[in-house]
Amino acid sequence: PLELMKNGIDVRVFHPFFSEIRNSGLSYQELDMNFQIGLGERSYSGNFVRTTHPSGLECIFVKNEGLCAHRLGMLEKTEEDPVHLERLSFFAHSVFAYLRLSGWIPDILHCQGWETGLVPAIQKKIFQDDPLFKPVASLFTLHHFYYQGNFDVSHFSRTGLPWSCFNLHELEFWGK
């Protein structure tokens, strides 16, 4: 992101607002951009926090005390934990909430790691006809194939995605 920014590209990094960030002494600003996201039978609220890296890179943090508050709860849980799937789903949907509320629409959404894998899926399945997001390309990169984000099918509704995409050509993988 820093190299892209140095070349004049408007880059923003999205990240959960972990307690470690809050307690780091980093200066940040809470944005007045509250949002709601429905996942299955549950609805979650959130907000955004912004800071600027000393290099000038803008970082947007997704804030929800229950789902995004602790790094250990979000990044180091097993793939089988259904609450973990809810955390990742909430984060992925919040990216689109931010884009809609802020009016900042990127040319490319670059998603790194399986934890962000729902972002392109949400874009293609929920926002495929939305004129705001239709021109946005997505790029998904992985750094390790060992972790794949496989969850039991009984938790699929927690993704917020339509059941029509649970098939072997899209999101289904060996029944998960």
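# A guided tour, starting from Phe48

Begin by selecting Phe48, which is buried, with a relative accessible area of 0%; here buried means under 20% relative accessible area, exposed means over 50%, and partly exposed lies in between, with a 1.4 Å probe and protein chains only. The model is a predicted one, in which local features need pLDDT of at least 70 and side-chain atom pairs count only at pLDDT 80 or more, while totals for chains, interfaces and linings use all residues. Residues are numbered from 1 along each chain as its sequence is written, and side-chain values use heavy atoms, with hydrogens and water left out.

**Around Phe48.** Phe48 sits in strand 4, residues 42–52, where helices (H or I, at least four residues) and strands (E, at least two) are DSSP runs numbered from the N terminus. Now show its contacts, meaning heavy atoms within 4.5 Å: setting aside residues up to four places away in sequence, Phe48 touches Gln29, Glu30, Leu31, Met33, Phe35, Ile60, Phe61, Val62, Ser94, Ala97, Tyr98 and Leu101. For a distance to display, take Ile37, which is 11 residues from Phe48 along the chain, with 14 Å between the two C-alpha atoms.

**Helix 4.** Next select residues 82–102, the 21 residues of helix 4, whose end C-alpha atoms are 30 Å apart, in agreement with the 30 Å expected at 1.5 Å a residue; that expected span is 1.5 Å times one less than the number of residues. Of these 21 residues 16 are buried, so helix 4 is largely enclosed by the rest of the structure. Just after the helix comes Gly103, with a positive phi near 80 degrees.

**Phe90.** Within helix 4, pick out Phe90, which is buried with a relative accessible area of 0%. Which residues are in contact with Phe90, leaving aside its neighbours within four places in sequence? They are Phe35, Ile37, Leu39, Tyr44, Ser45, Gly46, Val62, Asn64, Leu67 and Cys68. Then add Thr159, which is 69 residues from Phe90 in sequence, although their C-alpha atoms are 8.0 Å apart in space.

**Helix 5.** Move on to residues 118–125, where helix 5 is mostly covered, with 6 of its 8 residues buried. The buried ones are Leu118, Val119, Pro120, Ala121, Ile122 and Gln123, and what covers them includes helix 4, strand 6 (108–112) and strand 7 (137–141).

**Trp174.** Follow the chain into the segment after strand 7, where Trp174 lies. Is Trp174 buried or exposed? Trp174 is exposed, with a relative accessible area of 76%, and its phi is positive, near 50 degrees, in a residue other than glycine. Most residues other than glycine have a negative phi.

**The whole protein.** Finally, zoom out to view the 5 helices and 7 strands, which follow one another along the sequence as α-β-α-β-β-β-β-α-α-β-α-β. The C-alpha trace spans about 45 × 35 × 30 Å along its principal axes. The radius of gyration is 16 Å, which agrees with the value near 16 Å of a compact globule with 176 residues; the radius is taken over C-alpha atoms, and the globule rule is 2.2 Å times the number of residues to the power 0.38. Buried residues make up 42% of the 176 residues, and of the contacts with a separation of 6 or more, 62% are between residues 24 or more positions apart.
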